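Trainee: Could you take a close look at one part of this structure for me? I would like one connected account, working outward from that part.

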Amino acid sequence: MDKAQLDEEFSELYRAHLRDVYSYAYYRVGNHHDAEDLTEQTFLQAYRHFERAVGESDGRPLRPWLIRIAHNLAANLYRDRSRKPQTPIEDSDTLRTTHTTEDLVEGRDELARILDGVKDLPDDRREALIMRFALGMDNREIARAMGRTDGATKVLLHRAIKQLEEIVATKEG
Amino acid sequence: MSETFGDFEGLLKRALAPVDPPEDLAARMESTLAELTTLAQDELESWELSTMRDPRNWVRPVAAVAVGTTAGAALVLLRVRQQHRRRSSRASDPLDFAERTLRSVADETRRILDR
């Protein structure tokens with residue numbers, strides 16, 4: 001594959017998954033400023049390694065690979081700063097910017113409690129839920145992004161939802 | 001997922017709604033990627049050894065290598081290091097050795113980019 005063709009394919013990948021990477025980044029780092037940085041860094045790193053990734057993907061979708069890059073960069077971001085974000089998800093801002101008016105009218109408190117619960121989950125469970133529900137990834141994609149087996153991913157998601165349900169119920173009580 | 005979680009999953013999906021990136025991010029990203037592609041190509045194509053005698057000219061081509069071919073750049077360094085002893089024995093003086101090293105870096109970079 002020549003460079004022009006590679007660049008064209010990368011542009012398609014970028015256009016198809018900008019929203020996915022940004023959504024993942026936003027829910028991972030919790031604010032728009034860092035999410036923008038993380039999204040840019042993810043695509044720059046993806047660009048550097050794109051040819052090899054295409055060769056090794058054997059025709060499989062590259063979204064898990066992109067999300068894995070974002071995951072690694074986010075981990076580095078936290079390590080460099082030696083801290084986790086003080087507010088992993090800016091609840092009020094998130095609800096205002098990511099939800100329709102109808103959603104807000106119908107269940108703002110409930111959605112806020114769920115978002116609040118998500119940030120209390122262990123990292124791997126929170127990430128699995130973000131990939132599943134914000135990005136709509138299936139178990140196989142999540143497994144590839146997280147470097148786990150399909151079976152382990154299914155269990156992880158099940159436990160994440162169960163734990164979150166318990167957290168939310170506790171907050172309600 | 002199990003039926004037990006049916007309703008809760010619906011709420012979870014609404015809570016974790018996809019987030020649209022800011023409008024200017026997409027434009028900025030496309031511009032950055034286009035610039036990097038062009039920069040990496042242009043800088044490497046115009047990398048004349050004569051201009052590399054001035055250290056002030058080293059930054060941009062090195063950045064281009066880093067951006068365009070990070071893995072390739074690592075390979076360049078590895079190969080240049082492997083040839084260190086041979087260049088050292090052939091060099092007449094430190095300046096000659098430095099020039100041979102620069103030429104070796106340029107040759108290896110071109111070889112990798114031409115693959």
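Mentor: Start with Gly147(A), which takes a positive phi of about 65°. Gly147(A) sits just after helix H7 of chain A. Keep in mind that this is a predicted model, and that the angle is a computed value.

Now step back into the helix itself. H7 of chain A covers residues 139–146. Which of its residues are buried? They are Asn139(A), Ile142(A), Ala143(A), Arg144(A) and Ala145(A). Asn139(A) and Arg144(A) are thus listed as buried alongside Ile142(A) and the two alanines, Ala143(A) and Ala145(A).

Next, the partner chain. Chain B has six helices and zero strands. Read from the N terminus, its elements run α-α-α-α-α-α. Chain B has 115 residues, and 13% of them count as buried. Take its contacts with a separation of 6 or more: 56% of them join residues 24 or more positions apart.

Then look at where the chains meet. Chain A brings 29 residues to the contact, and chain B brings 23 residues. On the chain B side, helix H1 (6–15) and helix H2 (23–45) each supply at least two residues. H1(B) gives the most to that side, with seven residues. By character, the chain B residues that touch chain A divide into 16 nonpolar, three polar and four charged.

To recap the part you asked about: H7 of chain A, with its buried residues, including Ile142(A), is followed by Gly147(A) at a positive phi.

How values were computed
Residues numbered from 1 in each chain as written. Chains lettered and ligands numbered in written order. Predicted model: local features only at pLDDT ≥ 70, side-chain atom pairs only at ≥ 80, totals over all residues. Buried ≥ 20, exposed ≤ 12 C-beta atoms within 10 Å, placed from the backbone. Helix = DSSP H or I, 4+ residues; strand = E, 2+ residues; numbered from the N terminus. Contact = placed C-beta atoms within 7 Å. Nonpolar A, V, L, I, M, F, W, Y, C, P; charged D, E, K, R; others polar.
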